[in-house]
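This report examines how two protein chains meet. Please look at the model below before reading on.

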Number of protein chains: 2
Amino acid sequence: MTSNTFHKLRDEIENGIITGEFSPGERLDEVQLATRFGVSRTPIREALMQLSAIGLVEARPRRGAVVVDPGPNRIYEMFEVMAELEGMAGAMAARRHTEQDRAALLASHERCELSAASEDTDSYYYDNEVFHHAIYAASHSTFLAEQCAALHRRLRPYRRLQLRVRNRVKVSIGEHAGIIQAILDGDEAAARQRLRDHIAVQGDRFSDLVSNLSRRDKTARSP
Amino acid sequence: MTSNTFHKLRDEIENGIITGEFSPGERLDEVQLATRFGVSRTPIREALMQLSAIGLVEARPRRGAVVVDPGPNRIYEMFEVMAELEGMAGAMAARRHTEQDRAALLASHERCELSAASEDTDSYYYDNEVFHHAIYAASHSTFLAEQCAALHRRLRPYRRLQLRVRNRVKVSIGEHAGIIQAILDGDEAAARQRLRDHIAVQGDRFSDLVSNLSRRDKTARSP
DNA sequence: TTCGCAGATTATGTATACAAGACTGTTGAC
DNA sequence: GTCAACAGTCTTGTATACATAATCTGCGAA
């Protein structure tokens, strides 16, 4: 990882967006960022270019870059696509997982259970990511894994909001168990279906999401 | 469309890659591109940054940008994901298409039939794109439509190669008819399955693709 | 008081200059 | 004869300077 300046900057800014340091709709001033990171405008611009290509910021010509605000509807659409892709990864993992994949899946699942038992939401949040990445890897489709990982990253902040919902961690763990079983049994259809359901924002979970979104907005706006 | 220089440049270079003017593995020299387009290196770099974020070029630190060469395996993986996403769009279109969508779908399908009848492969190729975009639109999921359109664009050159295969146009048209019917009937499952099959590179079609790939490479390399 | 216009100001887009790492070609040693 | 090391060149990465479009402010008129 011979990280160039702009490469690091890209990650920094992306991280800032994901963690909410730069809130949706906020304008990203080039000079301001440049002085903050102690570099010139050039690498900042290049970082913003990349982020705008990914869709994290919107670069309006001659009017600067702003953090994209997806809005509830679009976030819902993103979860829909995520559910489908993840289901696909699960189905492929069921067919193609190796002994190594099996070990990785079980290990990550166990760690999730430990975190869940200790009621450490942050740690569960992290282990959950590892679990899902293990599924992507087990699909043995590099491209699919990349797409899943990218979407996963973009949805990270909202996923985190969802974990706040009462009992969600416990339910989530239960779903994981079923998913693991389906994959290791080689049951493609079940793996696909369970992962889809696991990701999809259905029923009450949509209103949970929306209410958490607006709560976040309020707390973000107030000083 | 207040197109900035770098915005135009991005499209130009992207187009050059898609049309094969810049062949896979080729190094994209900044000064060379700059003199060619009559601009300085700065906007060229910004364009290349965006293309590298999309995944069309690979920007190795300090070593310049090269056109990504996906290779048969990765192209196959991309078609797999495309098939899934397109199937999803079809299923959603079956549920949510409006009267306008219905008209657009039928119109684009008719134009495909005309082009196919006149055996004008290029024109069929174009109308086919319109047809698929009509499906994306009918899904009424903006995000899904964007994802589909992006992947569609990236796979454009290979799709074109596939049309060269004997009888492919005729078969394709037949599949379109079934897809349209399923969507307009509101039959989600059928629409999904038929679109998946329509896109997926199965059986003989994979070897067709690979052989066309190597043929293209040969013709591209010889003067 | 509010709307509109014009100048000033600020920020973005592009060009150029400079620094530093990578590639190439040659020379010398084994 | 081959391999390695060094120097030179070339290309990329970053900084700075300048041009231009957009925004802001202040003044005037309705």
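Six salt bridges are found across the interface of chain B and chain A in this predicted model. One of the residue pairs joined in this way is Arg74(A) and Glu146(B), whose closest N and O atoms are 2.6 Å apart. Polar contacts also cross the interface of chain B and chain A: the rule finds 14 residue pairs, both members at pLDDT 80 or more.

Several helices of chain B build the side that touches chain A. Helix H3 (41-54), helix H4 (71-96), helix H7 (142-163) and helix H9 (188-199) each supply at least two residues to it. The most comes from H4(B), with 10 residues. The residues on this side of chain B are divided by character in the table.

| Class of residue | Number on the side of chain B that touches chain A |
|---|---|
| Nonpolar | 13 residues |
| Polar | eight residues |
| Charged | 12 residues |

The extent of the interface can be stated in two ways. In terms of residues, 33 of chain B are in contact with 33 of chain A. In terms of area, about 2700 Å² is buried between the two chains, and carbon and sulfur atoms give 57% of this.

How are the two copies arranged? A turn of 180 degrees, with a shift of 0.0 Å along the axis, lays chain B on chain A with an RMSD of 0.1 Å. This is therefore the relation of a two-fold axis. Within chain B, Gln50(B) has the C-alpha nearest the axis, at 2.5 Å from it. Both copies use the same surface, as 100% of the contact residues of chain B recur in chain A.

How values were computed
Residues are numbered from 1 along each chain as its sequence is written. Chains are lettered from A and ligands numbered from 1 in the order in which they are written. This is a predicted model: local features need pLDDT of at least 70, side-chain atom pairs count only at pLDDT 80 or more; totals for chains, interfaces and linings use all residues. Side-chain values use heavy atoms; hydrogens and water are left out. Contact means heavy atoms within 4.5 Å. Buried area is the accessible area (1.4 Å probe) that two parts lose on being put together, summed over both. A salt bridge is a side-chain nitrogen of Lys or Arg within 4 Å of a carboxyl oxygen of Asp or Glu. A polar contact is a pair of N or O atoms within 3.5 Å; within protein, one must be able to donate a hydrogen and the other to accept it, and residues adjacent in sequence count only if both atoms are side-chain atoms. Helices (H or I, at least four residues) and strands (E, at least two) are DSSP runs, numbered from the N terminus. Ala, Val, Leu, Ile, Met, Phe, Trp, Tyr, Cys and Pro count as nonpolar, Asp, Glu, Lys and Arg as charged, and the others, Gly among them, as polar. Copies are superposed by least squares on the C-alpha atoms of residues with pLDDT of at least 70 in both.
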